[in-house]
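Me: I should like to go through a structure and ask on what grounds each descriptive term is applied. Please set each value against its definition.

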Amino acid sequence: MSSIIGVVAPRLLGPALILAAAIIVKGYADVGDGFSAGVIVATALALRYVSLGWELAERSLPVLRRAPQVATAGLLIALATGFAGPLVGDPPFTHYPRAGESVIHIGTLELITAVVFDLGLFLFVTAAFVVLIHHLARLAQGGPR
Amino acid sequence: MTLIYALAAGALFGIGAYLVMRRDLLRVVLGVVVISQAATLTLMASALGFGAAPIYPLPSGAISDPLSQAMALTSVVIGLATTALLLVLVLRVVDVFRSQGLDEVAEDEVAQEATLDAEHALGHEDEEAAAR
């Protein structure tokens with residue numbers, strides 16, 4: 001393993017998380033969504049797996065062991081917010097407050113349910129990618145299944 | 001711009017095809033990945049229009065076609081799943097045959113088939129002897 005990857009990989013997770021947050025936030029006025037944010041974070045995590053090996057990577061970030069549960073939670077969040085509309089007689093994927101209505105602001109951040117959907121999607125994509133890398137790494141390097 | 005897209009997609013497909021024809025299984029997988037990138041680029045180029053992101057409220061001037069971008073996103077996700085499946089298959093092959101080379105895997109298969117045929121023939125001879 002080259003020394004550059006060994007130095008960069010552990011330090012890349014923070015910037016990747018910031019970039020992912022920026023992509024999710026700007027996704028409501030510009031290009032960006034939970035999927036691309038998830039792929040960016042998952043790439044940083046994949047680099048950790050490559051440079052540290054799966055055992056060390058998961059010991060240094062124990063939340064990675066909970067990836068299947070995180071993926072399930074993200075999927076349920078995305079499904080719940082995406083299909084809340086039909087329960088109250090609106091089309092699927094309707095976001096609340098709807099277009100033109102007043103929005104709750106936190107600073108310049110606007111709170112709409114579409115953000116929750118994208119956060120769920122972000123969690124699902126990241127965790128599904130981690131599960132994939134985890135199993136590939138264990139198949140390749142051996143160890144307990 | 002269309003010419004650049006066409007050349008880039010053609011070059012990617014060429015690189016991918018070259019890699020797929022190699023003897024090393026990992027390079028075959030990488031070739032499939034590069035070919036799927038060429039497909040994504042072709043889908044993006046097939047919009048034949050370049051402009052702002054198609055998000056309401058629409059800006060004045062040209063906007064890009066969202067359909068081809070949605071197709072490109074789909075092809076990215078399918079490419080991810082295909083890559084994962086191929087990598088697992090290669091890992092299984094390496095596990096079973098202890099080799100990544102297509103030649104060695106093919107030799108192993110021929111040897112295995114020969115032993116299987118020999119066992120089969122032995123079984124038939126026994127049956128014929130019993131019938132007599």
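Reply: The answers below take the two chains in turn, each with its values and definitions.

Me: How were the model and its numbering obtained?

Reply: This is a predicted model, in which local features need pLDDT of at least 70 and side-chain atom pairs count only at pLDDT 80 or more, while totals for chains, interfaces and linings use all residues. Residues are numbered from 1 along each chain as its sequence is written, with chains lettered from A and ligands numbered from 1 in the order in which they are written.

Me: What makes up the helices and strands of chain A?

Reply: Chain A has 6 helices and 2 strands, in the order α-α-α-α-α-β-β-α from the N terminus. Helices (H or I, at least four residues) and strands (E, at least two) are DSSP runs, numbered from the N terminus. The C-alpha trace of chain A spans about 55 × 30 × 20 Å along its principal axes.

Me: Why is A:Gly14 called exposed?

Reply: A residue is buried if 20 or more other C-beta atoms lie within 10 Å of its own, exposed if 12 or fewer, and partly exposed in between, with C-beta atoms placed from the backbone. A:Gly14 has 10 other C-beta atoms within 10 Å and is therefore exposed. This glycine lies in helix α2 of chain A. A:Gly14 and A:Val31 are 17 residues apart in sequence, and their C-alpha atoms are 22 Å apart in space.

Me: Why is A:Ser51 called partly exposed?

Reply: A:Ser51 has 19 other C-beta atoms within 10 Å, so the residue is partly exposed. A:Ser51 lies in helix α3 of chain A. A:Ser51 and A:Ile5 are 46 residues apart in sequence, yet 6.6 Å apart in space from C-alpha to C-alpha.

Me: What is noted about A:Phe93, and what is its exposure class?

Reply: Phi of A:Phe93 is near 65°, a positive value in a residue other than glycine. A:Phe93 has 14 other C-beta atoms within 10 Å and is therefore partly exposed. A:Phe93 lies in the loop between α5 and β1 of chain A. A:Pro97 is also found in the loop between α5 and β1 (104-106), and a cis peptide bond with omega of about -10° joins A:Tyr96 and A:Pro97.

Me: What makes a group of residues in this model a nonpolar core?

Reply: A nonpolar core is a set of buried Ala, Val, Leu, Ile, Met, Phe, Trp, Tyr and Cys residues joined through C-beta atoms within 7 Å. The largest such core has 26 residues, and those with the most contacts inside it include A:Ala20, A:Val41 and A:Phe122. At least two residues of this core come from each of α2 (13-26), α3 (34-52), α4 (54-60), α5 (67-82) and α6 (113-141) of chain A. The largest share, 11 residues, comes from α6(A). Of the 145 residues of chain A, 24% count as buried.

Me: Which residues does A:Ala20 contact?

Reply: Two residues are in contact if their C-beta atoms, placed from the backbone, lie within 7 Å. Leaving aside neighbours within four places in sequence, A:Ala20 is in contact with A:Ala37, A:Ile40, A:Val41 and A:Phe122.

Me: How do you know that chain B departs from a compact globule?

Reply: The radius of gyration is taken over C-alpha atoms, and the globule rule is 2.2 Å times the number of residues to the power 0.38. A compact globule of 132 residues would have a value near 14 Å, but chain B has 25 Å. Its C-alpha atoms fill a box of roughly 90 × 25 × 25 Å along the principal axes. Of the 132 residues of chain B, 5% count as buried. Chain B has 4 helices and 0 strands.

Me: How does the span of α2 of chain B compare with the expected value?

Reply: The expected span of a helix is 1.5 Å times one less than its number of residues. Helix α2 (residues 25-45) of chain B has 21 residues and reaches 30 Å from its first C-alpha to its last, close to the 30 Å expected. Its buried residues, among them B:Leu25 and B:Gly31, pack against α1 (2-20), α3 (66-97) and α4 (102-131) of chain B.
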